[in-house]
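Let us walk through this protein step by step, beginning with a pair of aromatic residues and moving outward from there. Keep the sequence and the 3D view side by side as you read.

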Amino acid sequence: MKHLHWRTFSIVLSAVLLTCFFAHGQNRLHTANTIVWLNTFHTINISKHWAVLAEYQWRRTEGLKSWQQSLLRGGIQYKFNNGLSVLAGYGWIETFPYGDYPPVAPQPFPEHRIYEQAIWNDNIGRLQLNHRGRLEQRFLGVLDPQSDGDRVITRWNYLNRFRYQLRATLPINHPAMEDKTVYAAAFDEIFIGFGKNVNANIFDQNRLGILLGYKLNKRLSVEAGYLNQTLQQPQPVNGKPVFQANNGFILNLLCNWN
């Protein structure tokens, strides 16, 4: 019964958040970009309960031509016996100017990010459901637009953000996720800003992915597919919010080390 409650909660939460987003009929600017995200995720198991997580995400636009974002992240995870795991960590992010409405400053801006998350799993027959809730404390570097060529950070803007991801994984050639399993996966993740500095940018972004993967063994899996990113830029242009519809390719390499 508790699994049913989690599924109901997930569906209701996603529906409410998306309804709030689409209900705002404000005048917007729209732009689109072609993106390619190449990601590697590593889980280093220290003991039965403790693990170190490390990842790097190489995010590009215009195919592989230009930077969108560079993201390096790590954390310490504790795994409970009931399948629940909690994690705390830190991320270093560089976001680059790209697209039709780049930020005022021409240089990439840095971000320090502290985060906490909880992950829990559920099943519907062969279908595996993975839930992830994450809180982020973000420190974004504000650049001086008048600086002459050099990147000058005038201050750090503090923001809070909540993320919820629901991912479904279905093994294709085996009844469960064992060695040499081909699988299909899909996920949706919504990002909501909150706190005194969020201003009108409560809806931050939504990501939707459809993937085909292969689990070689318990240590290595690879998956690739389609990624859609709907993103509201932090700063309006001429008083109008800017929404990006980014579509493209995502490749994930997942490594599990004992």
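In this predicted model, F203 and F243 are both buried, and because buried stands for a relative accessible area under 20%, you will have to look beneath the surface to find them. The two rings have their centres 6.2 Å apart and their planes at 20°, so the pair is described as stacked. Planes under 30 degrees apart count as stacked, which is the cut-off that this step rests on. F203 belongs to strand 9 while F243 belongs to strand 11, which covers residues 242-257, so this contact ties together parts that are 40 residues apart in sequence.

The strands just named are part of a wider arrangement. Eleven strands make a closed barrel in the order 1-2-3-4-5-6-7-8-9-10-11, and their pairing is mixed. On average, neighbouring strands of this sheet are turned by 20° against each other when direction is ignored. As a general point, strands of a sheet pair through backbone hydrogen bonds, either parallel or antiparallel.

Strand 9, which spans residues 203-215, pairs in the antiparallel sense with strand 8, residues 181-194, and twelve bridges link the two. Within this pairing, I190 stands opposite N206 of strand 9.

Turning to the beginning of the barrel order, strand 1 (residues 29-45) and strand 2 (residues 50-61) run antiparallel and are joined by eleven bridges. One example of a bridge is that of F41, whose partner in strand 2 is E55. Four residues lie between strand 1 and strand 2, and the two strands form a hairpin. Strand 2 also runs antiparallel to strand 3 (residues 66-79), to which twelve bridges join it, and here A54 stands opposite G74 of strand 3. Strand 2 and strand 3 form a hairpin as well, with four residues between them, and in its turn E62 has a positive phi of about 55°.

We can now return to the aromatic rings, for which the count comes to six pairs. In one of them, the rings of Y78 and F80 have their centres 4.9 Å apart and their planes at 80°, so this pair is edge-to-face. Y78 has a relative accessibility of 25% and therefore counts as partly exposed, and F80, with a relative accessible area of 38%, is partly exposed too. Together with W50, the residues Y78 and F80 form one aromatic cluster.

Next, consider the surface, where L72, Y90, W92, I114, F139, I153 and W156 make a nonpolar patch of about 610 Å². The elements that give two or more residues to this patch are strand 4 (85-95) and strand 7 (153-171). Why does I153, a residue of strand 7, count as partly exposed? Its relative accessibility is 32%, and because partly exposed covers the range between under 20% for buried and over 50% for exposed, this value falls in the middle class.

Finally, follow the chain from strand 7 towards strand 8, since A176 lies in the loop between them. A176 has a relative accessibility of 35%, so this residue also counts as partly exposed. Although A176 and L127 are 49 residues apart in sequence, their C-alpha atoms are 8.8 Å apart in space.

Conventions. Residues are numbered from 1 along each chain as its sequence is written. This is a predicted model: local features need pLDDT of at least 70, side-chain atom pairs count only at pLDDT 80 or more; totals for chains, interfaces and linings use all residues. Side-chain values use heavy atoms; hydrogens and water are left out. Patches are made of residues with over 30% relative accessible area and no salt bridge: like charges are joined within 9 Å, nonpolar side chains (Val, Leu, Ile, Met, Phe, Trp, Tyr) within 5 Å. Accessible areas come from the Shrake-Rupley method with a 1.4 Å probe; for residues, only the protein chains shown count as cover. A salt bridge is a side-chain nitrogen of Lys or Arg within 4 Å of a carboxyl oxygen of Asp or Glu. Buried means under 20% relative accessible area, exposed over 50%, partly exposed in between (1.4 Å probe, protein chains only). Two strands pair if DSSP finds at least two bridges between them. Axes are lines fitted to C-alpha atoms, for helices over the stretch in contact, and angles run from 0 to 180 degrees between N-to-C directions. Rings of Phe, Tyr and Trp (its six-membered ring) pair if their centres lie within 6.5 Å; planes under 30 degrees apart count as stacked, over 60 as edge-to-face and the rest as tilted.
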